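Welcome, and thanks for taking a look at this one with us. Below is a short tour of a few strands and cysteines, to follow with the structure open beside you.

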Number of protein chains: 2
Amino acid sequence: MEKQDQLLMKKQNKNLVLEIIKQQSPISRMEIAKVTGMSPTTITRIVSELQEQGFVKETELVTSGVGRRATLLDVCGEVIYTIGVELDRLIIKIGIVNYIGEIVAWKSVPREEYEMYGETLDKVTKNVNQLISLYNIPMEKILGLAVGIPGLIDYKNGIVDVSDQLKWKKVNLVKDLSKRMGFEVMIDNELKMKIVAEKFTGKAKDSQNAVLMGIGSGVGSAIILNGEIYRGETNNAGEIGHTIIDPTGNVCSCGKIGCLATYISEGAIVADARKVKAIGRVEEVFDSYRNNESWAINIMDRTSTYIALAVSNILCLYNPEVIILSGNTIQKFPEIKEAIEKKCDLYMWEPIKEKVKIVYSELSDRGVVLGAAIQAQNTLFYLD
Amino acid sequence: MEKQDQLLMKKQNKNLVLEIIKQQSPISRMEIAKVTGMSPTTITRIVSELQEQGFVKETELVTSGVGRRATLLDVCGEVIYTIGVELDRLIIKIGIVNYIGEIVAWKSVPREEYEMYGETLDKVTKNVNQLISLYNIPMEKILGLAVGIPGLIDYKNGIVDVSDQLKWKKVNLVKDLSKRMGFEVMIDNELKMKIVAEKFTGKAKDSQNAVLMGIGSGVGSAIILNGEIYRGETNNAGEIGHTIIDPTGNVCSCGKIGCLATYISEGAIVADARKVKAIGRVEEVFDSYRNNESWAINIMDRTSTYIALAVSNILCLYNPEVIILSGNTIQKFPEIKEAIEKKCDLYMWEPIKEKVKIVYSELSDRGVVLGAAIQAQNTLFYLD
């Protein structure tokens, strides 16, 4: 509860009208009045203000059933922008996203495995600036930049607590990147950014309760609850990779025994494969599977088993409407889907299993960048 | 976002002032004005209304530092009541709770293992009514009644989907109990009710992110996230008893293999004990432990191991500030606490383990009833 005054009310109404136009466009002034319960006069005044500020435009005339003609309204995409960045072990991806969530500019550049912290930051700065001028994005329209990073992220203080992939520990990324950039910077865990994109345009679009599981070099998850990111006390909720799934199982690099990640991460798959054959990358295991080599079939069979066990546990603990599977392993080895589904059907708890959908992310390699940009807009945009 | 109008504003301000007096009493009008940013005149008007309606009373005069005297305000406990009920396999507990959360009347009656549904409802009705007249609670001051039940509860529609303990399946409890009672009835899972009490007055009082784990005849958990109950899509979030903790482990009655409950529930402990000795109840296992019988020490050692594994997984998945352990096993066998703590220290994930507190519920056998009554007040009380 907070004290309400008239000025605040006016602001809220204006933001509400803009949000409705954005979500239900094309829409007429009359319909907005109906939806909000505000008077047509108020709506006309607010819409004029929004037009002057460049957020709203008139589109077309339509004839409604009873013969009256109404002008429809739409939002303008090019009125503000946010920038999304994904930092991963060997790649940096950058996207500029407009007000309606379109990626209007895109670039990816390689990152070296042992690149210094400052070097990566300079690379990000240089390439973001290049992208901005290449696409003639006016600086004053850029609200800010958000970065998605694998690891434990203290998003409130802008600090990367630890990222094994980037080999960073306790770096003040927001401070260091803000200094180089001219605008606001925010950071968060990559999967938390990605599920924002899934909520905006992907498999969680119509869901208030969704879990995204990432299976690749790392294993993790992110949760949307009542439409918001579920963070927990220190932003680390969803660390399913280090839940114990077999107390007499594999030793994990974290020092515990039987962590889920030790059965399904790329590193785990490769390490097991090397007991049989001298292979370099996880893709070679997938190739061996396709060549009908029994050891590879065994390893990938076990992988699908443990993924299904994890899905079963996610269902019991978070009770989501939808579980979205994503990550390199799913993308590069789609054969695993059928096995996962069959095993999920066996392993999921009977009384609630009919109520959940298991689906696969379709945002491919742009999910984190898009989600970061959307999150920046959600956080930084409020019309005064 | 919703359309704000002045009437709504007035209501919100009034409820805000009452809430502040309730939480920060004794408090002066001046302080309320300071906290809310409302004018002293407005506060005086609102407080008068609240006094007339019986919610607020003046308590004492205090002399503040600069020599001015202020009258302090407090809320009245006896202005409204809610009733909390706990239904369990062999017992029915009833409590009447006043506006400030005091249990002013209490009663518990036995329930038969194979008691019919209607019989239990009649018993609840009869005993609630007896308690109301015994304590002279005015009917018009009773807002409603809430019931906490073990099992899967569709709290929105007031239906018990399934309760193994009560042997109920798809019963419309809210409808059937409302018919017998004169006031509003609501229901929810017992652990969800209990964590409301922990939030109100127990170990989650100062926490926005807490998990309560219940270990007894059943095994489950309830989650408070950002101060609210985390429900998931169909109110079943927290079903940790059926998460798989060992894929090659015990067969569970649910049809899966390796569910947590098969290692730590009372039934599981008793079933394992019977492989060694003819025992009747779980308390006999605890006695054998105290008699230094090695089989009992082995079984309880394994129990503490699996409880600690579950706590470790709770930490990774929900990232709470506090994990509260509760239930019969913890209450009747407090020796287990030390073992759980030692093992938690070993099993919990290093990067985040310093940030969580493992504690034990102190609400004993009144937690569910109190939580249900508080939840009824939270849901049904809003000052017009």
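**Strands and cysteines at a glance**

In strand E6 of chain B, B:Ile103 is the residue that B:Val97 faces. Please keep in mind that this is a predicted model. The points below start from that pair, move to a sheet in chain A, and end with the cysteines.

**The chain B hairpin**

- Strand E5 (residues 91-98) and strand E6 (residues 103-110) of chain B run antiparallel and are joined by seven bridges.
- E5(B) and E6(B) make a hairpin, and four residues lie between them.
- Within that turn, B:Gly101 has a positive phi of about 85°.

**The chain A sheet**

- An open sheet in chain A is built from three strands in the order E8-E9-E10, with antiparallel pairing.
- Strand E8 (152-154) and strand E10 (168-171) of chain A are the edge strands, each pairing on one side only.
- On average, neighbouring strands in this sheet are turned by 15° against each other, direction ignored.
- Strand E9 (residues 159-163) of chain A is connected to E10(A) by three bridges, and the two run antiparallel.
- If you would like a residue pair to look for, A:Val160 has A:Val171 in E10(A) as its bridge partner.

**The cysteines**

- Over all chains, the disulfide count is zero.
- Why does A:Cys252 form no disulfide? The closest cysteine sulfur, in A:Cys254, is 3.7 Å from the sulfur of A:Cys252, which is too far for a bond, as the cut-off is 2.5 Å.
- A:Cys252 is buried, with a relative accessible area of 8%.
- B:Cys76 is buried too, and its relative accessible area is 16%.

Definitions and conventions:
Residues are numbered from 1 along each chain as its sequence is written. Chains are lettered from A and ligands numbered from 1 in the order in which they are written. This is a predicted model: local features need pLDDT of at least 70, side-chain atom pairs count only at pLDDT 80 or more; totals for chains, interfaces and linings use all residues. Side-chain values use heavy atoms; hydrogens and water are left out. Two strands pair if DSSP finds at least two bridges between them. Axes are lines fitted to C-alpha atoms, for helices over the stretch in contact, and angles run from 0 to 180 degrees between N-to-C directions. Buried means under 20% relative accessible area, exposed over 50%, partly exposed in between (1.4 Å probe, protein chains only).
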